[in-house]
Amino acid sequence: MSDRLHTLSGYLYEYQKSVTQPEEFWARIADSFYWRKRWSKTLKWNFKDPDVKWFVNGKLNITENIFERNMFTMADRPAIIWEPNDPNEASRTLTYKELFHEVCRFANALKAKGIEKGDRVIIYMPMVPEAAVAMLACARIGAIHSVVFAGFSASALADRIKDCGAKAVLTSDGNFRGSKKIAVKGLVDEALEKSPVDTVIVYQRTHQEITMKEGRDFWWHDAVADQADTNVAEEMDSEDMLFILYTSGSTGKPKGVVHTTGGYMVYTKYSFENVFQYSPGDVYWCTADIGWITGHSYIVYGPLLCGATTLMFEGVPTYPDAGRFWAVVEKHKVNQFYTAPTAIRALQAYGTEPIQGYDLSSLKVLGSVGEPINEEAWHWYHTHIGKDKCPIVDTWWQTETGGIMVSPLAGITPTKPAYATLPLPGIQLCIVDADGNELTGNGVEGNLCVKFPWPSMIRTTYGDHDRCKQTYFSTYPNMYFTGDGVKRDHDGYYRILGRVDDVINVSGHRMGTAEVENAINEHPKVIESAVVGYPHEVKGQGIYAYVICDLTNRTEENLIQEIKDSVSKIIGPIAKPDKIQLVPGLPKTRSGKIMRRILRKVAENSLDNMGDTSTLLDPEVVKQIIEGRK
Ligand code: WT7
């Protein structure tokens, strides 16, 4: 059943209702799902602990809402279209019925290996339909999945396995990525030496040689071989965990953001159909990886809950050439296309020639996510890809929010370049100044908070509820703090200005400065380091590292290369600093705190206004840093 809005006045009316009567509003949306047992109370909450429960005591299984609920009408409709890395390899289509059978078979396979409701399962897989099958099979049996982006290193994988106490890892022999072949199973073996698990299931993708450990490692095809293609779904409580997804913050190691079943289901479906204005029969394509929240909510759960056809792409935008995205749009007649500004900017650099010759007339809606989209990229996207006829939905949200929070509804909300525009129904935003005072009215700028719960919001950080409280609910009392700066203009439109904390957004991926510093500091020659973000033409932000080190027996160049390699190894290539400057010292206050403001200015190359440096222990250091800047 559709809860799609069709007009601006319809949106405004619904928004009003969602604020004045939030429980009635969400109960009405939730009623169109299949519940084994209806909830007894729609919402119980406080932001102090925090303790948020939606659809209290409701019983359901999210996969029954994807499959059984729609099976009569949609069995033969394509659920997943898969486009491989290599354009010469055949694409695959799985109908809802076929996908359902695959999910059941794999659910039975997991059960046969002893995986039970509540167990944690790590998914470290390429972008193949089996990755979605793995997620849904976990949800089917009530196991909690935690997808780890396959570009993360063995040690990042090991940390996540350990943190969530995973019982099994689902992976592949190798991954194809552009012209590269990545030896994934080798990385898993390395991770398991540090953090062992009972069971590993390996999907055969590249057919490269790997080692299989007797009794622990099984091939996917063997595991499902004798399994029935039916399975009775486990009954879950609304607030049972659906998944954990690790994300970086401004301090310490990545934290496991926890999402639960009922609210996440309701919100991802509702937001998907409204933002993208999906109509039955459309082909929708989100280019994210399932390792990120975008892949969870808007490749897998949201679209499939809507009965949509969702395209999964294994490759990269520039392989075999910079026209690949457009070749895929033409080949599969994509109607809604959702990507990140970093990809747009990267393709923009190749000019319009790679677009020529492709028929993009199927496109109806263009989406953007992950970082602020600059006006130039917005216009390029609008003109050259959307041919001035497709609305752009600039969707602001976070791993923690579970679903899109601020965005135009395609073709309904008038857009403005670089503005995420207006909140979705049910989302009560609030802008506060540094002291936590709410800034009311239009034409204001401050920190973005949310003052009322929404169904898909973070419930806790896995194994450490206090961290959730400290990170999101303590900065401003009774509010969820997003970490983003925002402006509300004279029309009441929202423009996201970027992070106000020590989080860097590199190509739409979140990195904590402390996390990168810790990785740099593991190099034996490094004494101390400080990392900041700086504007980068393609990536949005780049990583700039200032490092104090001991240069004996090393040249500067060697050491810089070694540090880059070591960060790649410890976190993954996405965390590799773009620039490393070896410095004699860091600008510190008398109390020993690094003045990042100064380091940011140097990295940005805006040297005329360094601000107040009088509290520095040694102002001379700043001069030396400026002289040596990269
Ligand atoms: C951070 C969340 C949720 C999607 C993928 C990223 C930034 C995200 C936008 C946007 C400006 C954006 C914010 C946010 N961000 N979308 N449309 N405009 N900034 O998820 O890794 O949890 O990162 O990405 O800074 O806080 P994430």
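1. In this predicted model, strands E1 and E2 form a hairpin, with four residues lying between the two strands. E1 covers residues 41–46 and E2 covers residues 51–56; their pairing is antiparallel and runs over five bridges. Within this pairing, Lys41 has Val56 of E2 as its bridge partner.

2. A second point concerns two helices. H7 spans residues 154–164 and H8 spans residues 184–194; their axes come within 8 Å and cross at roughly 45°. Because of that angle, H7 is classed as oblique to H8. The crossing in which H7 passes H8 is right-handed.

3. The residues that make this helix contact can be listed by element. H7 contributes Ala154, Leu157, Ala158 and Ile161, while H8 contributes Leu187, Val188, Glu190, Ala191 and Lys194. Sorted by class, the contact of H7 with H8 comprises seven nonpolar and two charged residues, with no polar residue.

4. Further along the chain, four strands build an open sheet in the order E21-E22-E24-E25, and the pairing is antiparallel. The edges are occupied by E21 (429–432) and E25 (494–499); each has a single partner strand, so one side of each is left without a neighbour in the sheet. From one strand to the next, the twist averages 45°.

5. The pairing at the E21 edge can be described in more detail. E21 pairs with E22 (residues 444–450) in the antiparallel sense, and four bridges join the two strands. One position in this arrangement is Leu429, which stands opposite Val450 in E22.

6. The surroundings of the ligand deserve separate comment. Which residues come nearest to the ligand? Of the 25 residues around the ligand, these are Pro372, Gln398, Thr399, Ile496 and Arg510. Several elements give two or more residues to the shell: helix H11 (293–305) and strands E19 (365–369), E20 (392–395), E24 (480–488) and E25. Two of these elements, E24 and E25, also appear in the order of the open sheet, and E25 is one of the strands at the edges of that sheet.

7. How do the residues of the shell around the ligand divide by class? The shell has twelve polar, eight nonpolar and five charged residues. The helix contact of point 3, by contrast, has no polar residues and seven nonpolar ones.

Terms used:
Residues are numbered from 1 along each chain as its sequence is written. This is a predicted model: local features need pLDDT of at least 70, side-chain atom pairs count only at pLDDT 80 or more; totals for chains, interfaces and linings use all residues. Axes are lines fitted to C-alpha atoms, for helices over the stretch in contact, and angles run from 0 to 180 degrees between N-to-C directions. Angles under 35 degrees count as roughly parallel, over 145 as roughly antiparallel, 65 to 115 as roughly perpendicular and the rest as oblique. A crossing is left-handed if the near helix is turned anticlockwise from the far one by less than a right angle, and right-handed if clockwise. Two residues are in contact if their C-beta atoms, placed from the backbone, lie within 7 Å. Ala, Val, Leu, Ile, Met, Phe, Trp, Tyr, Cys and Pro count as nonpolar, Asp, Glu, Lys and Arg as charged, and the others, Gly among them, as polar. Two strands pair if DSSP finds at least two bridges between them. A residue is near a molecule or strand if its C-beta atom, placed from the backbone, lies within 6 Å of it.
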